[in-house]
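Biologist: Hey, could you pull up that chain and walk me through it? I'm new to this, so plain words please.
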Amino acid sequence: LCYTFEHGQTSRLPKAFIKECILAFAFQQTNPSKLQKDVVATFQSLGYGVNEEVLCTKTGYSIDAVIILKNSEVAVEVDGPSHFIGYKPTG
């Protein structure tokens with residue numbers, strides 16, 4: 001589904017099912033890495049406002065950190081796909 005929406009395609013799945021899938025994806029528990037915590041702490045020590053694990057309402061993805069810079073917000077992805085290397089589902 002995410003790939004479909006990211007590439008501007010229309011899904012053939014029922015709308016109610018799409019909604020349930022997006023909600024399940026968006027509200028998964030996050031588990032910030034030590035690196036991510038260190039990066040956030042560094043930005044905070046430099047005086048920046050930081051919001052962690054921000055839900056992107058357009059995609060359902062969790063953004064590792066959003067840094068507040070004057071009148072702007074900058075999304076920061078710390079670990080990228082390394083979160084999933086060696087990951088084995090448990091259910």
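**A chat about the chain**

Modeller: Let's start with one residue, and keep in mind that this is a predicted model. Leaving aside its neighbours within four places in sequence, Ala-65 is in contact with Val-40, Val-50, Asn-51, Glu-52, Val-74, Ala-75 and Val-76.

Biologist: Which nonpolar core is Ala-65 part of?

Modeller: Ala-65 belongs to the largest nonpolar core, which has 6 residues. Its other members are Val-40, Val-50, Ile-67, Val-76 and Val-78. As a general point, nonpolar side chains tend to be buried together in soluble globular proteins.

Biologist: Okay, zoom out for me. How many helices and strands does the chain come to?

Modeller: The chain has 3 helices and 3 strands. Starting at the N terminus, the order of the elements is α-α-α-β-β-β.

Biologist: And what share of the residues is buried?

Modeller: Of the 91 residues in the chain, 18% are buried. The accessible surface of the chain is about 7300 Å², and 57% of that belongs to carbon and sulfur atoms.

Biologist: Let's talk strands. How many bridges join β1 to β2?

Modeller: There are 6 bridges between β1 and β2, and the two strands run antiparallel. For one pair to look at, find Asn-51, which stands opposite Val-66 in β2.

Biologist: What do β1 and β2 form together?

Modeller: They make a hairpin, with 6 residues between the two strands. In the turn you'll find Gly-60, whose phi is positive, about 85 degrees.

Biologist: Which residue in β1 has a positive phi although it is not a glycine?

Modeller: That's Glu-53, with a positive phi of about 50 degrees. Glu-53 sits in strand β1.

Biologist: Is Glu-53 buried, partly exposed or exposed?

Modeller: Glu-53 counts as partly exposed because its relative accessible area is 23%, and buried would mean under 20%.

Biologist: Got it. How about β2 and β3, how many bridges there?

Modeller: 5 bridges join β2 to β3, and that pair runs antiparallel. One of the partnerships is between Leu-69 and Ser-72, with Ser-72 in β3.

Biologist: How many residues are between β2 and β3 in their hairpin?

Modeller: There are 2 residues between them, and Lys-70 is in the turn. Phi of Lys-70 is near 50 degrees, a positive value in a residue other than glycine.

Biologist: Is Lys-70 buried or exposed, and why?

Modeller: Lys-70 is exposed, because its relative accessible area is 82% and the cut-off for exposed is over 50%.

Biologist: New topic: the surface. Which residues make the nonpolar patch?

Modeller: The patch is made by Leu-46, Tyr-48, Leu-69 and Val-74, and it covers about 330 Å². You've met Leu-69 already, as the bridge partner of Ser-72.

Biologist: Where does Leu-46 lie?

Modeller: Leu-46 is in the loop between α3 and β1. With a relative accessible area of 59%, Leu-46 is exposed.

Biologist: Now charges. How many salt bridges does the count come to?

Modeller: The count comes to 1 salt bridge. In it, the side chains of Asp-38 and Lys-34 meet at 2.9 Å, N to O. Generally speaking, side chains of opposite charge can pair when their charged atoms come close.

Biologist: Where do Asp-38 and Lys-34 lie?

Modeller: Both are in helix α3, 4 residues apart, which is about one turn of the helix. Asp-38 is partly exposed, with a relative accessible area of 37%, whereas Lys-34 is exposed at 61%.

Biologist: Last one. We've skipped α2, so what about Phe-25, where is its place?

Modeller: Phe-25 is in helix α2, which covers residues 15-26. At 30% relative accessibility, Phe-25 counts as partly exposed.

Biologist: How many residues apart in sequence are Phe-25 and Ser-62?

Modeller: They are 37 residues apart in sequence, while their C-alpha atoms are 9.6 Å apart in space.

Biologist: And for the chain, what share of contacts links residues 24 or more positions apart?

Modeller: Such residues account for 26% of the contacts with a separation of 6 or more.

Methods
Residues are numbered from 1 along each chain as its sequence is written. This is a predicted model: local features need pLDDT of at least 70, side-chain atom pairs count only at pLDDT 80 or more; totals for chains, interfaces and linings use all residues. Side-chain values use heavy atoms; hydrogens and water are left out. Patches are made of residues with over 30% relative accessible area and no salt bridge: like charges are joined within 9 Å, nonpolar side chains (Val, Leu, Ile, Met, Phe, Trp, Tyr) within 5 Å. Accessible areas come from the Shrake-Rupley method with a 1.4 Å probe; for residues, only the protein chains shown count as cover. A salt bridge is a side-chain nitrogen of Lys or Arg within 4 Å of a carboxyl oxygen of Asp or Glu. Buried means under 20% relative accessible area, exposed over 50%, partly exposed in between (1.4 Å probe, protein chains only). Two strands pair if DSSP finds at least two bridges between them. A nonpolar core is a set of buried Ala, Val, Leu, Ile, Met, Phe, Trp, Tyr and Cys residues joined through side-chain atoms within 4.5 Å. Contact means heavy atoms within 4.5 Å.
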